[in-house]
Amino acid sequence: MTPTRQELFDAYALPDRDTRRVRMNFIESADGSVTLGGRSGALGGETDRAVMQVLRTMADVLMIGAGTVRAEGYGGVRLDETDAAWRRERGLSEHPPPAIVSHRLDIEPEHPFFAEAVVRPFVITHDAAPAGRRGALEDVAEVLVCGADGVDLALALDALAERGMTQVLCEGGPRLFGSLLEAGLVDELCVTIAPRIVGGDAGRIDRGAAEADRRLRLASSFVDEEGYVLLRYAV
């Protein structure tokens, strides 16, 4: 049976807001593909989209890789009034700010991610990134320099926590997930299995992490009426 909004809030409830936490949210097909036609959003269903909204509502900040922002066509992230009210009642800002992780800063300030933002985004990069691009992005975002010649994700999480953002929802992509996983920075994995077989050569939800037997603990599970399986794991 398809879960209600309240059942999703209960299933994905945070134990507290003081402990720093990184949640990953992904969807994949039954045969492990993370995209259909180059986009993960094409795999989704109504309940999967509802889970994403619940996770966004609970988050302090949304972390997204630059490649995912481009591939998925991210614009401004806006919650509906019901979810914004849920946040206001708990002393949170109405909308969680997005934070794009970019090594090369190869995204234009005019991109809808910035132009349509309802709250000022963050750009997470490193000291060796092109200075000219950094200067241009500083006009539309708060730029966090985390690392000397590559993004240090632990430093990035420190910088966000210093700004009161302890609950991080990472929406991908696979390379960012792999980097966070390899650094031991992932606390939860929320993954939806779509009732589809895609084939092709699309990758898995993580890319770049070394092979290891990382055991997970199942925290909750749902199956909706369309056959989507929604899983929440502690890492």
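**R232 and its surroundings**

In this predicted model, strand β7 (residues 188–194) and strand β9 run antiparallel, joined by six bridges.

Q: In which strand is the place of R232?
A: Look for the strand whose residue range takes in 232. Residues 229–234 form one strand. The place of R232 is therefore in strand β9.

Q: Is R232 buried or exposed?
A: The relative accessible area of R232 is 8%. Buried means under 20%. The value of 8% falls under that cut-off, so R232 is buried.

Q: With which side chain does the side chain of R232 make a polar contact?
A: A polar contact needs N or O atoms within 3.5 Å. One such pair links the side chain of R232 to another side chain at 2.7 Å. The partner is E188.

Q: How far is the backbone oxygen of A13 from a polar atom of the side chain of R232?
A: A13 is among the residues in contact with R232. Here the atom on the A13 side is the backbone oxygen. The distance to the R232 side chain is 3.2 Å.

Q: Which residue in β9 does E188 stand opposite?
A: Strand β7 covers residues 188–194 and is joined to β9. E188 makes its side-chain polar contact with R232. In the strand pairing, however, E188 stands opposite A234.

Q: Which residue takes a positive phi in the hairpin of β8 and β9?
A: Strand β8 (residues 217–223) pairs with β9 in the antiparallel sense over six bridges. Five residues lie between the strands of this hairpin. The positive phi, near 95°, belongs to G227.

Note on methods: Residues numbered from 1 in each chain as written. Predicted model: local features only at pLDDT ≥ 70, side-chain atom pairs only at ≥ 80, totals over all residues. Heavy atoms only, no water. Helix = DSSP H or I, 4+ residues; strand = E, 2+ residues; numbered from the N terminus. Buried < 20%, exposed > 50% of the residue type's maximum accessible area, 1.4 Å probe, protein only. Polar contact = N/O pair within 3.5 Å; in protein donor to acceptor, adjacent residues only side chain to side chain. Contact = heavy atoms within 4.5 Å. Pairing = 2+ DSSP bridges. Lists of a residue's contacts leave out its neighbours within four places in sequence.
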